[in-house]
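Trainee: Please choose a single part of this model and look at it closely with me, starting from the chain as a whole. I would like to follow how that part relates to what surrounds it.

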Amino acid sequence: MHKKQYWLHYYKNYSVFLRIGKAVFLFLVIVVFAILLSFGTREVKVLLTYFLVFLLGAAPGFEVLVAVPLGVLRGLSPVTASLIGFAGNASTIIIEVIIFQKLKTWWDHKKKRDVSLSSKRTARAGAIWRQFGVPGLALVGPILIGSHLAAFLALAFGSSKIQATVWLLLSLAIWSIAFAVLAVLGIDIFSSVSQKLF
């Protein structure tokens, strides 16, 4: 079996795990924060907002795409929301890069016989990888397929840990700033329109 074929099978299982984890995580975060925000003082609410932005940044599928604008909407400064969202997303990317070799070694010993065809996201990532390499996958990945999956696929396609980490962290920094700016512009546009209407 070709190396990339069994990685596609592993990705399929990884994707299902991420979807289930994301749903459970979102449910728990909503319940806990709804309870805590309803009873807390202003300081507690600010600390919980920091924590929420960090956790959403760390969660696959939410990442800086959701965490940074949410932080700005909850009243954090764009710089603070960007830094906290970036820290959450970067922490899980670094953990994923560190444990990737252990997952790969484990998978090499298992080598499943049933390999399915790639999904649309995997095919899209492969096309980006072939055309632009690690920089392209890292810079476009957070928008098209998510940064966690981009990290996984960059390593699965054969890039070095250092190269993947550097490009992904650079990409996360760029997207954190971009989403903070867009959130501020969106809030400013909305507030100016609502002032004119009312």
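Mentor: The accessible surface of the chain comes to about 11300 Å², and 71% of it belongs to carbon and sulfur atoms (areas are from the Shrake-Rupley method with a 1.4 Å probe, and for residues only the protein chains shown count as cover). This is a predicted model, in which local features need pLDDT of at least 70 and side-chain atom pairs count only at pLDDT 80 or more, while totals for chains, interfaces and linings use all residues. Residues are numbered from 1 along each chain as its sequence is written, and side-chain values use heavy atoms, with hydrogens and water left out.

The chain has seven helices and zero strands, where helices (H or I, at least four residues) and strands (E, at least two) are DSSP runs numbered from the N terminus. Of its 198 residues, 38% count as buried, a word that here stands for under 20% relative accessible area, with exposed meaning over 50% and partly exposed in between (1.4 Å probe, protein chains only). Among contacts between residues at least 6 apart in sequence, 75% join residues at least 24 apart, contact meaning heavy atoms within 4.5 Å.

The part I would choose is helix α6, which is mostly covered, since 10 of its 10 residues are buried. They run from Ser 147 and His 148 through a list that includes Phe 152 and Leu 153 to Leu 155 and Ala 156.

Ser 147 lies in this helix and has 0% relative accessibility, so this residue counts as buried. Leaving aside neighbours within four places in sequence, Ser 147 is in contact with Glu 63, Asn 89, Ile 93, Gly 141, Pro 142, Leu 168 and Leu 172. One of these partners, Glu 63, is placed in helix α3 and is buried as well, at 4% relative accessible area. Most residues other than glycine have a negative phi. Glu 63, although not a glycine, has a positive phi of about 50°. Just after α6, Gly 158 also takes a positive phi, of about 110°.

The helix can then be placed within the largest nonpolar core, a core being a set of buried Ala, Val, Leu, Ile, Met, Phe, Trp, Tyr and Cys residues joined through side-chain atoms within 4.5 Å. This core has 39 residues, and those that touch the most other members are Val 68, Ile 93, Trp 129, Leu 137, Ile 145, Leu 153 and Leu 168. Helices α2 (42-58), α3, α4, α5, α6 and α7 each supply at least two residues of this core, and α6 gives the most, with eight. Trp 129, again without its neighbours within four places in sequence, is in contact with Val 134, Leu 137, Ala 154, Phe 157 and Ser 159, and of these Ala 154 is among the buried residues of α6.

Aromatic rings come next, and the structure holds two aromatic pairs. Phe 100 and Phe 152 form one that is edge-to-face, at 5.8 Å centre to centre with 75° between the planes. This pair links distant parts of the chain, with Phe 100 in helix α4 (residues 78-110) and Phe 152 in helix α6 (residues 147-156), 52 residues apart. Phe 100 is buried at 4% relative accessible area, and Phe 152 counts as buried at 1%. The rings of Trp 175 and Phe 179 have their centres 5.5 Å apart and their planes at 25°, so this pair is stacked. The rule pairs rings of Phe, Tyr and Trp (its six-membered ring) if their centres lie within 6.5 Å, with planes under 30 degrees apart counted as stacked, over 60 as edge-to-face and the rest as tilted. Both Trp 175 and Phe 179 lie in helix α7 (residues 161-197), four residues apart, about one turn of the helix. Trp 175 counts as partly exposed at 24% relative accessibility, whereas Phe 179 counts as buried at 10%.
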